[in-house]
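Dear colleague,

I am handing over the structure we spoke about, and the notes below it set out what was found. Please read them with the coordinates open beside you.

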Amino acid sequence: MLRVSLHRLSPSSLCSYSPRSLPPRKQTFSFAKLRSSVSAMRDFSTSSDLTTKLLFRQLFEKDSSTYTYLLADVGHPDRPALLIDPVDKTVDRDISLVKDLGLRLIYAINTHVHADHVTGTGLLKTKVPGVKSVISKASNSKADMHIEAGDKIYFGDLFLEVRATPGHTQGCVTYVTGDGPDQPNPRMAFTGDTLLIRGCGRTDFQGGSSSQLYHSVHSEIFTLPKDTYIYPAHDYKGFTVSTVGEEIQYNPRLTKDEETFKSIMENLNLPYPKMIDVAVPANMVCGLQDDSSAEPVVATSK
């Protein structure tokens, strides 16, 4: 099993949540302690001694309706952080936020080779010393680290588990927060374009397969605990988060049987992606990659 070691982070957000520090039954429940912002700026803490904490931010790029996610272990003295699905247009915003929060960015991660925007991983590498780009080995694209199903990406004492979820593209993966008493609870799944809120990614380009996507979702995502949060790479209707349980019950495509799902996907009649001819070639080389980091480095096995 691959283990990608990261540096560690610490939290500071609008809301702290600790399932082990809930008030006794006879105490008055305080909604203020569990409030969450519209922009999903939240901190999660699951450690009984509060030494391990996850800082979490959900960020938005309006032109491509892309979500970028910032995660950090703020309970660790190094305060290591990572970005999932950064966009080239918002790299300066993301770097500014990392600095404001006193974090050390160590990974820039993609869920897949995007067709609707240019990834910001290459730019981040040129602007933030030491940042490593990460993408799946199955994507056949350049990065500093190539991950596969079962690998764990560590940032401090926290980690993301890698699950292969092809179908939208051959190289799609879903990143899931760790399972354990010292990891965030409920868990969080960053599904890229594989599973969207009440939808899913198209399957008619980049080696897509509706049958493969259907099985990926049902075997790798819908088998997670039902309270697992779903954070997709895009949303076009204003949704910010869902859960596994909600999507199992309400997703208008993936609640159907496989043959019906395949029929739905084959008859979407979607236009040709306007950015695909620019985005895909760029993203195959990490968006913007300098010569010194052009050669991929495979992560070390555990």
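A residue is called buried here when its relative accessible area is under 20%, and exposed when that area is over 50%. By that cut-off, buried residues make up 54% of the 302 residues in the protein. Please keep in mind throughout that this is a predicted model.

Overall fold. The protein has 6 helices and 16 strands, and among its contacts with a separation of 6 or more, 68% are between residues 24 or more positions apart. Its accessible surface comes to about 13400 Å², and carbon and sulfur atoms account for 53% of that area.

Cores. In soluble globular proteins, nonpolar side chains tend to be buried together. Here the largest nonpolar core has 23 residues, of which Leu71, Ile153, Leu160, Tyr175 and Phe190 touch the most other members. Another core, of 18 residues, lies apart from it and includes Ala81, Leu83, Leu97 and Ala108.

Aromatic residues. Searching the whole structure gives 12 aromatic pairs. The rings of Tyr67 and Tyr69 are one of these pairs, and because their planes stand at 40°, with the centres 6.1 Å apart, the pair counts as tilted. Tyr67 and Tyr69 are both buried. Tyr229 and Tyr231 also form a tilted pair, with 6.2 Å from centre to centre and 50° between the planes. Within that second pair, Tyr231 has a relative accessible area of 0% and is therefore buried. These four tyrosines belong to one aromatic cluster, which is made up of Phe56, Phe60, Tyr67, Tyr69, Phe190, Tyr229 and Tyr231. Phe190 thus appears in this cluster and also in the largest nonpolar core.

Glu161. This residue sits in strand β10, which runs over residues 158-164, and because its relative accessibility is 18%, Glu161 counts as buried. What does the side chain of Glu161 join through polar contacts? One such contact, of 2.6 Å, is with the side chain of Arg163, and another, of 3.1 Å, is with the side chain of Arg187. Leaving aside residues up to four places away in sequence, Glu161 touches Asp151, Thr174, Tyr175, Val176 and Arg187, and of these Tyr175 was named above as a member of the largest nonpolar core.

Helix α6. In this helix, which covers residues 276-283, Ile276, Ala279, Val280, Ala282 and Asn283 are buried. They span an arc of only 170° around the axis, so they lie on the same side of α6. Asp277 and Val278, on the other side of α6, are exposed. As a general point, an α-helix has 3.6 residues a turn, so residues three or four places apart point the same way.

Ser65. The loop between β3 (53-61) and β4 (66-73) holds Ser65, which counts as buried because its relative accessibility is 14%. Although Ser65 and Gly238 are 173 residues apart in sequence, their C-alpha atoms are 9.4 Å apart in space. When residues up to four places away in sequence are not counted, Ser65 touches Phe60, Ala233, His234, Asp235 and Tyr236, and Phe60 is one of the members of the aromatic cluster described above.

With best regards

Technical notes:
Residues are numbered from 1 along each chain as its sequence is written. This is a predicted model: local features need pLDDT of at least 70, side-chain atom pairs count only at pLDDT 80 or more; totals for chains, interfaces and linings use all residues. Side-chain values use heavy atoms; hydrogens and water are left out. Helices (H or I, at least four residues) and strands (E, at least two) are DSSP runs, numbered from the N terminus. Buried means under 20% relative accessible area, exposed over 50%, partly exposed in between (1.4 Å probe, protein chains only). Contact means heavy atoms within 4.5 Å. Accessible areas come from the Shrake-Rupley method with a 1.4 Å probe; for residues, only the protein chains shown count as cover. A nonpolar core is a set of buried Ala, Val, Leu, Ile, Met, Phe, Trp, Tyr and Cys residues joined through side-chain atoms within 4.5 Å. Rings of Phe, Tyr and Trp (its six-membered ring) pair if their centres lie within 6.5 Å; planes under 30 degrees apart count as stacked, over 60 as edge-to-face and the rest as tilted. A polar contact is a pair of N or O atoms within 3.5 Å; within protein, one must be able to donate a hydrogen and the other to accept it, and residues adjacent in sequence count only if both atoms are side-chain atoms. The arc is that of the directions from the helix axis to the C-beta atoms.
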